[in-house]
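Work through the exercises below with the model open. Try each task before reading its solution.

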Amino acid sequence: MDPTDPEWSTADMMSCVYNWIRNRPRSPLLTKKTDLLKLLGLPMMHGLLRQKRMRWVGHALRRADSDLSKVEVKKELALSSKPWTKCLLGDMKELNIKSIKALEDISKKRELFRIALNSINT
């Protein structure tokens with residue numbers, strides 16, 4: 001495989017660099033993949049997943065009040081019975097969003113919402 005090939009993903013490149021650094025003799029620089037992510041300025045996987053989950057919910061909450069996806073998301077968040085809703089409530093807690101109504105309000109302000117979500121990965 002050629003690293004200049006556009007088919008290579010960031011994960012492929014990171015794996016290649018990580019293996020190269022790890023296999024170098026007496027390389028105290030990096031011992032964990034998290035160190036490599038920090039060195040390359042890449043976000044952690046859990047942060048990316050959290051960001052994508054919040055973006056999707058923000059998208060659903062910006063829809064019209066009569067939209068089925070918005071109604072279902074609000075209902076599931078109120079019940080908090082499924083694993084993804086528990087994850088989402090944890091995401092809200094990390095972003096210091098106190099309620100579903102507050103999430104809905106901030107998601108309508110796209111720029112503020114994006115800034116809040118981008119702070120997840122840092």
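**Exercise 1: a salt bridge and its network**

The side chains of Glu 104 and Lys 74 form a salt bridge, with an N to O distance of 3.2 Å. The rule asks for a side-chain nitrogen of Lys or Arg within 4 Å of a carboxyl oxygen of Asp or Glu. This is a predicted model: local features need pLDDT of at least 70, side-chain atom pairs count only at pLDDT 80 or more, and totals for chains, interfaces and linings use all residues. Residues are numbered from 1 along each chain as its sequence is written, and side-chain values use heavy atoms, with hydrogens and water left out.

Task: place Glu 104 and Lys 74 in their helices, then state the burial of each partner.

Solution.
1. Glu 104 lies in helix H6 (residues 100–108) and Lys 74 in helix H4, so the bridge ties together parts that are 30 residues apart in sequence. Helices are DSSP runs (H or I, at least four residues), numbered from the N terminus; strands are E runs of at least two.
2. Glu 104 is buried, at 3% relative accessible area. Lys 74 is partly exposed, at 32%. The cut-offs are under 20% for buried, over 50% for exposed, and partly exposed in between (1.4 Å probe, protein chains only).
3. Now widen the view. Glu 104 and Lys 74 belong to a salt-bridge network with Asp 65, Lys 70 and Lys 108.
4. The count of salt bridges comes to 12.

**Exercise 2: Asp 91 and two arginines**

Task: which side chains meet Asp 91 in salt bridges?

Solution.
1. Arg 50 pairs with Asp 91 at 2.6 Å, N to O. Arg 50 is in helix H3 and Asp 91 in helix H5, 41 residues apart.
2. Arg 53 pairs with Asp 91 at 2.7 Å, N to O. Arg 53 is also in helix H3, and the separation from Asp 91 is 38 residues.
3. Check burial. Asp 91 counts as buried because its relative accessibility is 1%. Arg 50 is buried too. Arg 53 is partly exposed, at 22%.

**Exercise 3: the nonpolar core**

Task: how many residues does the largest nonpolar core have, and which element gives the most to it?

Solution.
1. Apply the definition: buried Ala, Val, Leu, Ile, Met, Phe, Trp, Tyr and Cys residues, joined through side-chain atoms within 4.5 Å.
2. The largest such core has 13 residues. Met 54, Val 57, Val 73, Ile 97 and Leu 103 have the most contacts inside it.
3. Helices H3 (45–61), H4 (68–79), H5 (83–94) and H7 (110–118) each give two or more residues to this core. H3 gives the most, with 4.
4. Zoom in on Ile 97. Leaving aside neighbours within four places in sequence, Ile 97 contacts Met 54, Met 92, Ala 102, Leu 103 and Ile 106 (heavy atoms within 4.5 Å).

**Exercise 4: the surface and the whole chain**

Task: which residues make the nonpolar surface patch of about 260 Å²?

Solution.
1. Val 17, Leu 39 and Leu 40 make this patch. Val 17 sits in helix H1 (residues 10–23). Val 17 is partly exposed, at 32% relative accessible area. Patch residues need over 30% and no salt bridge; like charges are joined within 9 Å, nonpolar side chains (Val, Leu, Ile, Met, Phe, Trp, Tyr) within 5 Å.
2. The chain exposes about 8700 Å², by Shrake-Rupley with a 1.4 Å probe. Carbon and sulfur atoms supply 58% of that area.
3. Of the 122 residues, 26% are buried.
4. The secondary structure comes to 7 helices and 0 strands.
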